[in-house]
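The following exercises concern the structure shown below. Each task is followed by a solution worked in steps.

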Amino acid sequence: MRVLKELCRQPAAVFGLVIVLAVVFAAIAAPWLAPYAPDNQMFDGLTLEGAPMPPGEQFALGTDTLGRDLLSRLLYGARTSLIIGLVANGIAVAIGLFVGVTAGYMRGWVGGLLMRFTDLMMAFPALLLAIVLAAILKPSLWIVAMVIALVNWVQVARIVYTETRGLVERDFIMAERALGAGNARIVLLHVLPHLLPTAIVWGTLGIATTVLLEATLSFLGIGVQPPQPSWGNIIFESQSYFQAAPWLVFFPGAVILLTALAFNLVGDALRDILDPTQRGRG
Amino acid sequence: MATLLAKRLVQSCLILLGVAAITFVLLYALPADPARMLAGRSATAQTVENIRRELGLDQPLLSQFLHYLGNLVQGDLGRSYAQKTEVATLIAARLPATLTLMAAGIFVEVLLGLTFGIVAALNRGGAIDRIVMASAFVGVSAPQFVVALLLLYVFAATLGWFPMSGYGTVAHVVLPAMTLGILGAGWYARMARSAMIDVLNQDFVRTARAKGLSGRRVVLRHALPNAILPIVAMIGIDIGQFMGGVVVVEAVYGWPGIGQLAWQAIQQVDIPIIMGVTLTSAFAIIVGNLVADLIAPMIDPRIRSH
């Protein structure tokens, strides 16, 4: 509650929060909000020449090259983006926490090995790796989420590792150990709760990265596959047409930008609130 | 210094070896059959088998990998399956285009980022600061391909100032470099701002001001050189990330660099090229980080003693 109150004191964070809630609402309520079915190829959705309809009375944001309502596709696309954002990011944060805590707590050769592996992953060209994996595996929503998680956990692991090493040195952990507490108890009851703010902050910021990455993969045609709508593949399907129908790039592009911006704003504000050492910087 | 350098070099080689091993396993363990792709749809099982033997794909994975490594240390990246050319030659032919784009992109990025970051720091808390920081946030959150398509729409298709795609003249570089620059400038602006704020609060800046030096001289000659370190480090990291990240921009603008080469190879499951580009990118990332670490003590003598 305290966090929420402080969040509401920052105009930028409130702006972000409103957009995040709007996207969540759109994703949940898509079937009721959407004026048409997202994959309904309508006869009157195309002009007499067979071109997409510009935004107007019947189709608020216009139609795409197959005569489907853009607004409806964008609303359903919010589902795709959010599902991938939550799944991919959940997995990434979980892997990051596991690797970071294990390496930071165990030290020794296990910790060394895990951190060398993390260093290795840092040297991997992440976007290239994601593109290669997504292209070779049969693309689907879940594969895209997996690929993104595989690329995104590294940063979380590094931060968690540094924090865990700091925590292990602290007196209350030493005291626990002196009292005879086992490793599992210390990690679960004392280390993890202290890492919760970090996990929340990076989980939120990570959704912005994930939304952008999913859109990029789908834009290249190796992400979520049509007819299932995703903000990226709407642009992919219409990019050769964008001079004649710029709204097909403009609206999905704006939605991607706003969503990523919103999660970045909220994540940044959360970092300020949850980590006072960062306050007033950046 | 020499031992540190030697240690870092050994480390770098090990990381490169690790990247090679992981990429190799990923590419060969995944359900894509390069022999099948090469033979085409109508090929008989016998033809596919022959191609597989010819490419050495029938060997066990470990011996294939050792063979690859043996060639790699001699600078041989293998032959492209589809194009029947040396991968090293293909990459070398594409590298100038990507390096040109990288230089132009980083130039725009640093120029915009530094300028706005410094202006924001000098107006800390004011309206200009807020506008700059808000724009930086938008830049950081913008999807590359959307910015690329919008710039194309406005400046190429509508205004006709720049060509739609291609390579060769200065005009061709402008839009791709702007795309990369606009997006990256946000990070630089944020970093330059916080570095400048740190420095501007220090005593020697106050002394310089007290001596009666002009505001501009204090900022450019006294404060900026002390705030430049994180920015230099960031350029190093940027150079590394760049190579793996150009696929999208090169695809949109039809820029004939290694990103485009990689993208074509990915679609044809041309594994030697994918390996080659991945290793080149990893090499760039490692060198970029190394250069950033090595330049730091030259700029800031305080680091030298560590």
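**Exercise 1. Architecture and confidence**

Read along its sequence, chain B of this predicted model follows the pattern α-α-α-α-α-α-α-α-α-α-α-α-α-α.

Task: State how many helices and strands chain B has, and characterise its overall dimensions, burial and contacts.

Solution. Step 1: the secondary structure of chain B comprises 14 helices and 0 strands. Step 2: along the principal axes, the C-alpha atoms of chain B fill a box of roughly 85 × 55 × 30 Å. Step 3: of the 306 residues in chain B, 38% are buried. Step 4: among contacts in chain B with a separation of 6 or more, 71% come from residues 24 or more positions apart.

Task: Identify where confidence is lowest and highest in each chain.

Solution. Step 1: the model as a whole scores ipTM 0.82 and pTM 0.85. Step 2: chain A has a mean pLDDT of 83, with 96% of its residues at 70 or more. Its elements range from helix α1 (residues 2–8), which has the lowest mean at 78, to helix α3 (residues 70–106), which has the highest at 89. Step 3: chain B has a mean pLDDT of 81, and 96% of its residues reach 70 or more. Confidence in chain B is lowest in helix α14 (residues 301–304), with a mean of 63, and highest in helix α5 (residues 87–122), at 88.

**Exercise 2. The contact between the chains**

Task: Describe the side of chain A that touches chain B by element and by residue class.

Solution. Step 1: the contact draws 33 residues from chain A and 36 residues from chain B. Step 2: on the chain A side, at least two residues each come from α4 (108–122), α5 (126–136), α8 (183–219) and α10 (247–274). Step 3: α10(A) gives the most to this side, namely 8 residues. Step 4: sorted by class, the side of chain A that touches chain B holds 25 nonpolar, 6 polar and 2 charged residues.

**Exercise 3. Two helix pairs around α8(A)**

Task: Determine whether α6(A) and α8(A) are roughly parallel or roughly antiparallel, and give the residues through which they meet.

Solution. Step 1: helix α6 (residues 141–168) of chain A packs against α8(A) at an angle of about 150°, and their axes are 9 Å apart. Step 2: an angle over 145 degrees counts as roughly antiparallel, and α6(A) and α8(A) are therefore roughly antiparallel to each other. Step 3: their crossing is right-handed. Step 4: residues of α6(A) in the contact include A:V144, A:I148, A:N152 and A:L167, while those of α8(A) include A:V191, A:H194, A:W202 and A:L217. Step 5: the residues of this contact divide into 11 nonpolar, 7 polar and 2 charged.

Task: Carry out the corresponding analysis for α8(A) and α9(A).

Solution. Step 1: α8(A) and helix α9 (residues 231–238) of chain A have axes 7 Å apart and pack at an angle of about 25°. Step 2: angles under 35 degrees count as roughly parallel, and α8(A) and α9(A) are therefore roughly parallel to each other. Step 3: α8(A) passes α9(A) in a right-handed crossing. Step 4: A:E214, A:A215, A:T216, A:L217, A:S218 and A:F219 of α8(A) meet A:W231, A:G232, A:N233, A:I235 and A:F236 of α9(A). Step 5: by class, the residues of this contact are 6 nonpolar, 4 polar and 1 charged.

**Exercise 4. Local environments in chain B**

Task: Establish whether B:F145 is buried or exposed, and list its contacts beyond four places in sequence.

Solution. Step 1: B:F145 lies in helix α7 (residues 144–158) of chain B. Step 2: a residue is buried if 20 or more other C-beta atoms lie within 10 Å of its own. B:F145 has 26 such atoms within 10 Å and is therefore buried. Step 3: leaving aside neighbours within four places in sequence, B:F145 is in contact with A:T216, A:F219, B:V248 and B:V252.

Task: Locate B:V269 and describe its phi and its burial.

Solution. Step 1: B:V269 is found in the loop between α12 (258–267) and α13 (271–299) of chain B. Step 2: its phi is near 50°, a positive value in a residue other than glycine. Most residues other than glycine have a negative phi. Step 3: with 22 other C-beta atoms within 10 Å, B:V269 is buried.

Task: Describe how far helix α9(B) is covered, and the phi of B:G212.

Solution. Step 1: helix α9 (residues 203–210) of chain B is hardly covered, as the count of buried residues among its 8 residues is 0. Step 2: B:G212, just after α9(B), takes a positive phi of about 95°.

How values were computed. Residues numbered from 1 in each chain as written. Chains lettered and ligands numbered in written order. Predicted model: local features only at pLDDT ≥ 70, side-chain atom pairs only at ≥ 80, totals over all residues. Contact = placed C-beta atoms within 7 Å. Helix = DSSP H or I, 4+ residues; strand = E, 2+ residues; numbered from the N terminus. Nonpolar A, V, L, I, M, F, W, Y, C, P; charged D, E, K, R; others polar. Buried ≥ 20, exposed ≤ 12 C-beta atoms within 10 Å, placed from the backbone. Axes fitted to C-alpha atoms, helices over the stretch in contact; angles between N-to-C directions. Parallel < 35°, antiparallel > 145°, perpendicular 65-115°, else oblique. Left-handed = near helix turned anticlockwise from the far one by under 90°. pLDDT = per-residue confidence, 0-100.
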